[in-house]
Amino acid sequence: MNHPTPLLALRDLVVEFDTMAGRVRAVDGVSLDVFPEESLALVGESGCGKTVTALSILRLVPQPPGRIAGGSIRFDGRDLLALPESGMRAVRGRDIAMIFQEPMTALNPVFTVGAQLGDVIRRHQRLSRREARKASLALLEQVGIPEPGRRIDEYPHQLSGGQRQRVMIAMALSCGPRLLVADEPTTALDVTTQAQVLEEIRRLQAEYRMAMILVTHDLGIVAETCTRAVVMYCGQVVEAATTAALFSRPHHPYTVGLLDSIPRLRETRLAELPVIPGRVPDPLQLPAGCRFADRCPRVSAECRVVSPPLVATADGGLVACYHPHP
Amino acid sequence: MDILQYALRRLLAGLPLLLGVTLFSFTLMVYFGPDKTFELLGKNPTAQEIAEVRHQLGYDRPFVLRYGEYLRELATVDFGNSDSTGERVSSLLARTIPVSLALELPGFVLGNLLGIALALLAAYHRGRWPDKLIMGLSVIGMSISFLVVIFVFQIWFCTSHGLDLFPVRGWGTASLADYLRHVTVPTLAMVFVALGYNTRFYRAVIVEEMGRDHVRTARAFGAAPARLFWRDILKNCAIPVITRIVFTIPAIVIGGALLLETSFGIPGVGKAAYEAIISGDQPVLKAVVGLTTALFVIALLVADILYRAVDPRVSLE
């Protein structure tokens with residue numbers, strides 16, 4: 001594979017939260033690269049740190065109680081963690097845009113769609129109100145909102161969930177970002193809308209030639225949408241591979257468990273859908289070695305002593321396991 | 001047109017409230033309130049004299065009739081003459097209400113504006129020292145009795161123990177300087193106390209709004225803090241703020257500020273109402289209670305219409 005310079009490079013990112021019970025490392029040494037125009041999936045179950053990783057790219061981790069405690073985030077050669085807050089504001093929405101999980105609450109309820117879109121456009125581009133409105137209309141049209149001329153003057157509560165998410169997408173596209181961070185963009189939508197919105201995101205990503213990080217727990221979405229995937233468990237990356245390799249030949253026992261637990265059509269006895277035994281460890285009392293050890297069918301004594309490092313696999317991916325599946 | 005229709009409907013719906021409050025307070029007034037009779041009579045009156053005065057005051061008529069008359073007075077906003085001074089109630093109110101308004105308006109406006117400004121500042125620096133300082137001061141404002149604040153301010157500003165800049169008592173509006181001379185110290189006392197409550201309340205409202213998803217979205221798209229607070233957050237906070245402000249207006253217009261008016265010897269409506277309560281001056285009491293209720297119904301309506309203006313999700317149904 002030919003590897004150009006990454007657009008975004010996370011190195012050893014550590015994000016901590018101060019909780020009543022103590023300090024929790026939600027993200028613990030995550031490194032990943034996103035290359036121009038590619039779509040990377042960030043996969044894992046709830047609480048594995050994928051959303052926090054996504055938020056920290058734009059330095060949006062709520063602070064306090066959270067803080068980025070270590071590592072670096074380089075975007076297009078610039079260290080985002082070293083930027084002053086004003087410099088970061090110029091990046092947000094213009095170079096990197098983010099769309100969120102809950103379209104119901106992510107838009108401001110007391111301003112019209114047009115006002116919110118126009119606001120973002122005028123923040124990053126020198127346009128008059130009229131020009132911004134024209135641009136907003138064009139964007140709404142582009143993301144597939146019917147009757148944009150009417151919708152532009154409506155408030156978020158007058159739109160359906162899918163339409164609101166489309167407005168979010170329009171907002172994200174408005175300044176032509178080079179990276180789109182989509183945090184579970186379809187999770188809150190109903191199934192048919194999910195498919196449409198996802199299709200829209202995929203189409204626009206290609207059209208705008210953006211790179212994308214898609215945060216999701218849904219492996220089906222990964223398979224449909226992304227070229228590469230990074231699997232997270234307990235705040236760490238456990239496996240990274242191209243989507244094709246990940247689905248055909250997963251290496252980490254956790255990835256294998258995730259893939260096995262997807263229900264398949266035509267399977268006769270759905271009741272026997274395998275699940276990964278055990279529970280995610282308490283983030284306040286993480287085990288010394290591999291964090292998946294207690295749930296892992298391939299565990300050995302070695303696993304409980306030192307956490308396995310990420311190593312390259314034969315098919316060009318990365319895996320953090322002493323006993324990976326071949 | 002929509003709003004007019006809605007307003008009419010709401011005012012009609014406010015009638016039962018008006019009837020309930022007036023009936024309740026009138027019952028209290030008639031059966032449990034002070035009796036004017038003996039104040040008007042000299043020592044050792046005869047039974048006939050008593051009956052005569054009671055007749056003059058209308059105390060001997062049946063309750064239902066008297067209440068009906070009250071309602072008629074409310075409808076025509078004509079409450080007759082004061083039992084104490086014989087002054088027309090309407091002219092008494094016309095004399096005292098403007099004084100109370102002039103006295104309280106500066107403190108009311110400043111107390112809310114400064115409250116919101118300080119709350120924004122505290123919320124913006126939440127958890128850090130400006131927040132702690134502002135919240136600490138607001139607890140002081142809340143904790144000290146209004147009466148103590150008034151006395152201390154009077155000593156500080158109005159006597160030779162302090163700055164001795166303003167008169168301790170009295171009222172005058174002959175000129176702007178005269179007005180300022182009399183209104184400054186009461187306003188300071190009012191702002192000091194109001195700020196405590198207002199700042200805490202507004203800060204809580206703002207902090208809650210700051211945690212909302214749409215605020216994170218605005219930040220994710222590069223909104224600067226100033227814009228975030230002034231536009232995105234403040235407009236979303238408008239409903240609780242409007243509620244708090246609009247609902248204190250009836251109390252200010254009719255209730256006056258009894259403590260301020262008595263402590264500073266200002267002839268406002270609060271003082272007039274207080275004197276009416278003490279002496280059992282029923283015509284004045286009826287007017288004060290009835291008009292407060294009516295204003296409250298109007299305030300409810302105004303608040304609802306304002307909600308609609310700031311929040312598109314509210315519909316006037």
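In chain A, eight strands make an open sheet with mixed pairing, in the order β6-β7-β8-β3-β9-β10-β12-β11. β6 (96–99) and β11 (311–312) of chain A stand at its edges, each with a single partner strand, so one side of each is left without a neighbour in the sheet. Please keep in mind that this is a predicted model. The points below start with this sheet, then turn to the nonpolar core, the aromatic rings and a loop residue of chain B.

**Inside the sheet of chain A**

- A good strand to find is β8(A), where six of the six residues are buried, so the strand is largely enclosed by the rest of the structure.
- The side chains of β8(A) go two ways: A:Ala211, A:Ile213 and A:Val215 point one way, A:Met212, A:Leu214 and A:Thr216 point the other way, and all are buried.
- β3(A) and β8(A) run parallel and are joined by five bridges; here A:Leu40 has A:Ile213 as its bridge partner in β8(A).
- β7(A) also pairs with β8(A) in the parallel sense, over five bridges, and A:Met212 in β8(A) is the bridge partner of A:Leu180.
- At the β11(A) edge, the pairing with strand β12 (residues 318–319) of chain A is antiparallel and has two bridges, with A:Leu318 of β12(A) as the bridge partner of A:Ala312.
- Helix α8 (residues 191–208) of chain A lies across β3 (39–43), β6, β7 (179–183) and β8 (211–216), and runs at about 160 degrees to β8(A).

**The largest nonpolar core**

- In soluble globular proteins, nonpolar side chains tend to be buried together.
- The largest nonpolar core here has 97 residues, and A:Leu8, A:Ile96 and A:Leu179 touch the most other members.
- Helix α7 (residues 161–173) of chain A gives the most to this core, with seven residues.
- Leaving out residues up to four places away in sequence, A:Leu179 touches ten residues by name: A:Leu7, A:Leu8, A:Val34, A:Phe75, A:Asp95, A:Ile96, A:Ala97, A:Ala211, A:Met212 and A:Ile213.

**Aromatic rings and charges over them**

- Over all chains, the structure holds 16 aromatic pairs. One of them joins B:Phe201 and B:Tyr202 edge-to-face, at 5.5 Å centre to centre and with 70 degrees between the planes.
- The two partners sit in unlike surroundings: B:Phe201 is partly exposed, with a relative accessible area of 27%, whereas B:Tyr202 is buried, with 1% relative accessibility.
- B:Tyr202 also has B:Arg244 over its face, at 6.0 Å from the ring centre.
- Another arginine, B:Arg231, reaches across to the other chain and lies over the face of A:Phe111, at 4.0 Å from the ring centre.
- Elsewhere in chain B, one aromatic cluster is formed by B:Phe26, B:Tyr31, B:Phe63, B:Tyr67 and B:Tyr70.

**A loop residue in chain B**

- B:Phe166 lies in the loop between α7 (146–158) and α8 (176–210) of chain B.
- With a relative accessible area of 18%, B:Phe166 is buried, because buried means under 20%.
- Apart from neighbours within four places in sequence, B:Phe166 is in contact with B:Phe157, B:Cys158, B:Leu180, B:Arg181, B:Thr184 and B:Val185.
- B:Ala119 is 47 residues from B:Phe166 along the chain, and their C-alpha atoms are separated by 30 Å.

How values were computed: Residues numbered from 1 in each chain as written. Chains lettered and ligands numbered in written order. Predicted model: local features only at pLDDT ≥ 70, side-chain atom pairs only at ≥ 80, totals over all residues. Heavy atoms only, no water. Phe/Tyr/Trp six-rings, centres within 6.5 Å; stacked < 30°, edge-to-face > 60°. Buried < 20%, exposed > 50% of the residue type's maximum accessible area, 1.4 Å probe, protein only. Lys NZ or Arg CZ within 6 Å of the ring centre and 35° of its normal. Core = buried A, V, L, I, M, F, W, Y, C linked by side-chain atoms within 4.5 Å. Helix = DSSP H or I, 4+ residues; strand = E, 2+ residues; numbered from the N terminus. Contact = heavy atoms within 4.5 Å. Pairing = 2+ DSSP bridges. Axes fitted to C-alpha atoms, helices over the stretch in contact; angles between N-to-C directions.
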